[in-house]
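Colleague: Please take one part of this model and go through it closely, in an order that a first-year student can follow. I would like a sheet, if there is one to look at.

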Amino acid sequence: MDARTTSALLYLDGINVSFDGFKALNNLSFVVKPGEMRAIIGPNGAGKTTMMDVVTGKTRPDTGDAVFDGSYDLTALDETEIAELGIGRKFQKPTVFDSHTVEDNLRLALKSDRRARATLWWQESAAEASRVNRILEIIRLPTVRGRLAGSLAHGQKQWLEIGMLLAQEPKLLLVDEPVAGMTDAETRQTAELLKEINRDKTVIVVEHDMAFVRDLGVRVTVLHEGSVLAEGSIDQVSANERVIEVYLGR
Amino acid sequence: MMTSFVARSLDRGALAFLAILAGLAVLVPALNLLVPETSALHLPTYLVALFGKYTCYALLALSIDLIWGYCGILSLGHGAFFALGGYAMGMYLMRQIGPRGVYANPILPDFMVFLNWPELPVYWYGFQYFAYAALMVLLVPGILAFVFGWFAFRSRVTGVYLSIITQALTYALLLGFFRNNFGFGGNNGLTDFKDILGFNVQAPGTRAALFALSVAALMLGFVICRVIVASKFGKVLIAIRDAESRTRFLGYRVESYKLFIFTLSACMAGVAGALYVPQVGIINPSEFAPANSIEAVIWVAVGGRGTLTGAVIGAVLVNYGKTYFTSGALAPYWLFLLGSLFVVVTLALPRGVVGTFRHWKTERRERATPQRAAPVAVPGAAE
């Protein structure tokens, strides 16, 4: 695909995924514009994680189109190629490299030549060192840079993982439940952090915490049984009767 | 540029370890060759050969630690690469016998004459040249590991499934090499070696030289492993070990990393096998036995995986124990002892000897400097 087919950064159209007959995604379609921050909500089993799996190449859809940046067919690429295109993903359960230090975690994530022979002879450049310092500032962890990531508190791990996402310099960040298990103060700071990141990156946040989504103040897509149930501002979707029925009313 | 990389990768402990090995490479041959036999300090030749054997096992353990300790690939078939390297060397040594064999055939090894083989099989060609055999010592295990790894890692076979197919690999080779028509001496393997590069393999001088060479190979292997694990490549390996799919989503091609390290490890195991064969004087299919590969994994577990020095120490310790117990009244119980050793180490000493020692040292240092070890207060991270 050479010609740009859509102005959207992420374009999902008619995506179907089924596992052993269970339809995880059912004709899912939505678009995310460049520079946008989008919150995705939905009850358990609504297909949020499967949607992320499709976008990052972990799961191949049975049918449907997933186009990134108007010209890349995500359904034909694998995880590594998609990561190189500029889609970064934060997992629901914080997954940092426990036996590496905080700095080494960021160094590994830093955008650079990922091939084996390049990493074998790699030496840190001044530019890379200052980038690591800059990210440590953003994620508020400069004082623990030498600690093993495994020894961090839960909230700090979440931030480190967001920092690792930033280090990859992606165009699109997929953030899965960033505030699960965080204190109220940490939750507010995470909202700040995401808004800061959104100044120059497109962000998709999957979240259960309604107060947090309200804090973000962005357009919301509600998923239910593998397809889009409603889309709009948080107030609009909260007023939608179908949404109340399946999700909010419980 | 190379030297700076090597220098950067060797910390004080690694240098001390290399110095000890270098000392042994000089001391053991000196005590054997230069000290008169009547002296109490004289080291008998059989011990030189025994130490040489331990050194080869240590190199095998090092190759396993590189993939298991750092990349989480538990190969239970690494003995196969060791044995293939050994067979390549054995084929060279067989061709050196020439007309001195029982049947005095200048070309065919004895077992081929015995089996009425009319001529040398094509795959035995070239093994009369040491350089060719040395190349095969690296290439045969390397290519097998590359092909095996290419299929296994690309299909994302991991964990216990990978371990099982490595067992199957070595078992299949065991069955193959047992067959007479395979052309490698069947059940008896290759033995009755006479010369290596014109020197008598039995002579004390040759044995001493082989020991020194084995230690040199171990040192080289250790330096290569250190350079790799100290580089960013090594950090990626650890990342793969701890969170493989995370590494993939970061954009690293996990299978290339695994394939490279697995192939390199197989080549190291092949070299270990090649040095082993002239020192023990025989190579036969029992080296492919799955139990051998598992034993090698136990050495690494005992010494401490992911420590490199631990692999070497574990190999020497366990094999010394094996020599000690199997030559006494306890011989029938050795396998029980080995099995219980593995259970005890897994339960009580999961970091192994060296790992536990390092952990203890780090903890002591952190206690000595409490301000560094105390959880650093982070603004906002109130919990």
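Modeller: What follows is a short word on the model and the whole chain, then the sheet.

The model is predicted, and local features are described where pLDDT is at least 70, side-chain atom pairs only at pLDDT 80 or more, while totals for chains, interfaces and linings use all residues. Residues are numbered from 1 along each chain as its sequence is written, and chains are lettered from A and ligands numbered from 1 in the order in which they are written.

Chain A holds 10 helices and 10 strands; these are DSSP runs numbered from the N terminus, of at least four residues in state H or I for a helix and at least two in state E for a strand. The C-alpha trace of chain A spans about 55 × 45 × 35 Å along its principal axes. Of the contacts in chain A with a separation of 6 or more, 68% involve residues 24 or more positions apart; a contact is two C-beta atoms, placed from the backbone, within 7 Å.

Now the sheet. In general, the strands of a sheet pair through backbone hydrogen bonds, either parallel or antiparallel. In chain A, four strands make an open sheet in the order β2-β1-β4-β5, with antiparallel pairing; two strands count as paired if DSSP finds at least two bridges between them. The edges are β2 and β5 (72-73) of chain A, each of which pairs on one side only.

Start with β1(A), residues 10-19, and β2(A), residues 22-32: they are antiparallel, and seven bridges join them. One pair of bridge partners is A:Ser18 and A:Lys23, the latter in β2(A). How many residues lie between the two strands of this hairpin? There are two residues between β1(A) and β2(A), and in the turn A:Asp20 has a positive phi of about 50°.

Next comes β4(A), residues 63-68, which runs antiparallel to β1(A) and is joined to β1(A) by five bridges. Here A:Tyr11 has A:Val67 in β4(A) as its bridge partner.

Last, a helix belongs in this picture. Helix α1(A), residues 48-56, lies across β1, β2 and β4 of chain A. Its direction is about 65° from that of β2(A); the angle, on a scale from 0 to 180 degrees, is taken between N-to-C directions of lines fitted to C-alpha atoms, for helices over the stretch in contact.
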